[in-house]
Amino acid sequence: MRFVYSVVRYVPNPATGEFVNIGAIAGSDETGDWSLRRAGNPRRARLFGPLESLNAVDAFMNDIGSKLDTFALMQSDDISETWLSDLQSRQRNVVQLSVPAPVIADSAEEALEFVFSQVITDDSNVVGGLSRGYATRLRLFSELRTSYRRANIRADLIREKSVVSTDGLYAPMDFVVGNGVAVQLAHTWSFQIQSLTEVAKDVKSWGFTVERLQRYGGRTSDENPAEIPVGVPVDVVFAPPMTTVQEDAFTEAERVFGDLGVTTVRQEDVARVAAEARKQLQANGIAIDLLDPTTS
């Protein structure tokens with residue numbers, strides 16, 4: 001898939017134009033997957049300029065991180081390839097961005113891996129997930145969407161970014177799988193972002209509606225609504241917490257998921273959700289792809 005990226009540069013003296021690459025932003029309008037990463041070892045930047053200007057770098061990275069968090073929660077149009085281009089054109093002081101450039105990758109994180117390997121020196125020796133930053137909900141959404149594609153499920157059997165309704169209540173649902181009648185619902189939650197108070201509140205609100213949906217059934221709220229039968233399977237893909245504060249929010253959410261009886265799947269096991277969707281479709285006699293001999 002096509003992503004775009006910009007390298008974040010620290011330019012302590014804009015008049016000279018000398019800079020050091022200290023991070024990168026990558027994302028895609030098609031997938032809605034955006035991510036930010038900063039070099040783990042700031043030593044080169046500290047040697048390059050004064051503390052006062054480094055504070056501006058920290059403020060910029062924190063601000064962009066918060067914007068991506070909010071975008072992940074609200075699924076608004078605030079973050080886009082146009083936004084990145086506008087950001088690049090505005091940043092002309094001690095923090096500057098390279099002109100956005102395309103890169104082919106399966107995710108924003110994979111795009112950042114490529115960028116860091118090519119243009120950013122990061123000798124922090126950080127290993128594992130911590131070196132990859134955090135997973136936003138839109139990144140999980142993108143990974144789940146990719147898993148459905150890789151499972152060769154017909155695109156018309158998958159509704160994205162739906163709103164489900166029941167008994168006068170409404171809730172977002174990332175994916176509704178089925179042919180007029182849902183055979184699987186799937187949603188994503190990240191517990192690795194900064195706005196955890198909002199996440200905990202949103203999980204509880206979402207859970208209240210899903211509990212009614214499981215008990216009474218419902219439908220999607222779109223032009224051609226799909227029926228959601230009583231007891232339809234619900235899968236939740238989540239990015240697990242990485243800090244103590246995140247752990248507290250996750251514990252609250254786990255209670256909600258447990259009460260609902262939904263299937264929880266860690267981010268690295270996202271392919272399991274698509275595999276289960278194939279099974280549910282086949283069990284209901286629905287043709288999954290052009291090579292599938294069953295009929296819907």
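So, burial to start with: of the 296 residues in this protein, 49% count as buried. Bear in mind that we're looking at a predicted model. On the secondary structure side, there are 8 helices and 12 strands. And if you take contacts between residues at least 6 apart in sequence, 69% of them join residues at least 24 apart.

How far do we trust it? The mean pLDDT comes out at 86, with 85% of the residues at 70 or more. Strand E10, residues 227-228, has the highest confidence, at 98, and helix H1, residues 43-48, has the lowest, at a mean of 62. Then there are a couple of stretches to flag. Residues 123-132 sit below 50, and that stretch makes 11 contacts in the model beyond near neighbours in sequence. Residues 292-296 are also below 50, with 12 such contacts. Where pLDDT is low, the predicted coordinates shouldn't be read in detail, so I'll leave those there.

Okay, the cores. The largest nonpolar one has 24 residues, and the ones with the most contacts inside it are Leu-185, Trp-189, Phe-191, Val-203, Trp-206 and Phe-257. Which elements give two or more residues to that core? Strands E7 (169-178), E8 (182-190) and E11 (234-239), plus helices H6 (196-216) and H7 (244-260). If you click on Val-203, you'll find it touching Trp-189, Phe-191, Ala-253, Val-256 and Phe-257, leaving out residues up to four places away in sequence. There's also a second, separate core of 23 residues, which includes Val-4, Val-8, Ile-22 and Phe-60.

Back to E11 and H7 for a moment. Together with E12, they make a right-handed β-α-β unit. E11 and E12, the latter being residues 263-266, pair in the parallel sense over 4 bridges. One bridge to look at is Asp-235, whose partner in E12 is Thr-263.

Last stop, Ser-6, in strand E1, residues 2-10. Buried or exposed? Ser-6 is at 0% relative accessibility, so it counts as buried; the cut-off is under 20%. And what does its side chain reach? The backbone oxygen of Ser-98, at 2.9 Å. Setting aside neighbours within four places in sequence, Ser-6 is in contact with Gly-23, Ala-24, Ile-25, Leu-84, Leu-97, Ser-98, Val-99 and Pro-100. So Ser-98 turns up in that contact list as well as in the side-chain contact.

That's my tour.

Key. Residues are numbered from 1 along each chain as its sequence is written. This is a predicted model: local features need pLDDT of at least 70, side-chain atom pairs count only at pLDDT 80 or more; totals for chains, interfaces and linings use all residues. Side-chain values use heavy atoms; hydrogens and water are left out. A nonpolar core is a set of buried Ala, Val, Leu, Ile, Met, Phe, Trp, Tyr and Cys residues joined through side-chain atoms within 4.5 Å. Buried means under 20% relative accessible area, exposed over 50%, partly exposed in between (1.4 Å probe, protein chains only). Contact means heavy atoms within 4.5 Å. pLDDT is the predictor's confidence in each residue, from 0 to 100. A polar contact is a pair of N or O atoms within 3.5 Å; within protein, one must be able to donate a hydrogen and the other to accept it, and residues adjacent in sequence count only if both atoms are side-chain atoms. Two strands pair if DSSP finds at least two bridges between them. A crossover is right-handed if, with the strands pointing away from the viewer, the path from the first strand over the helix to the second runs clockwise.
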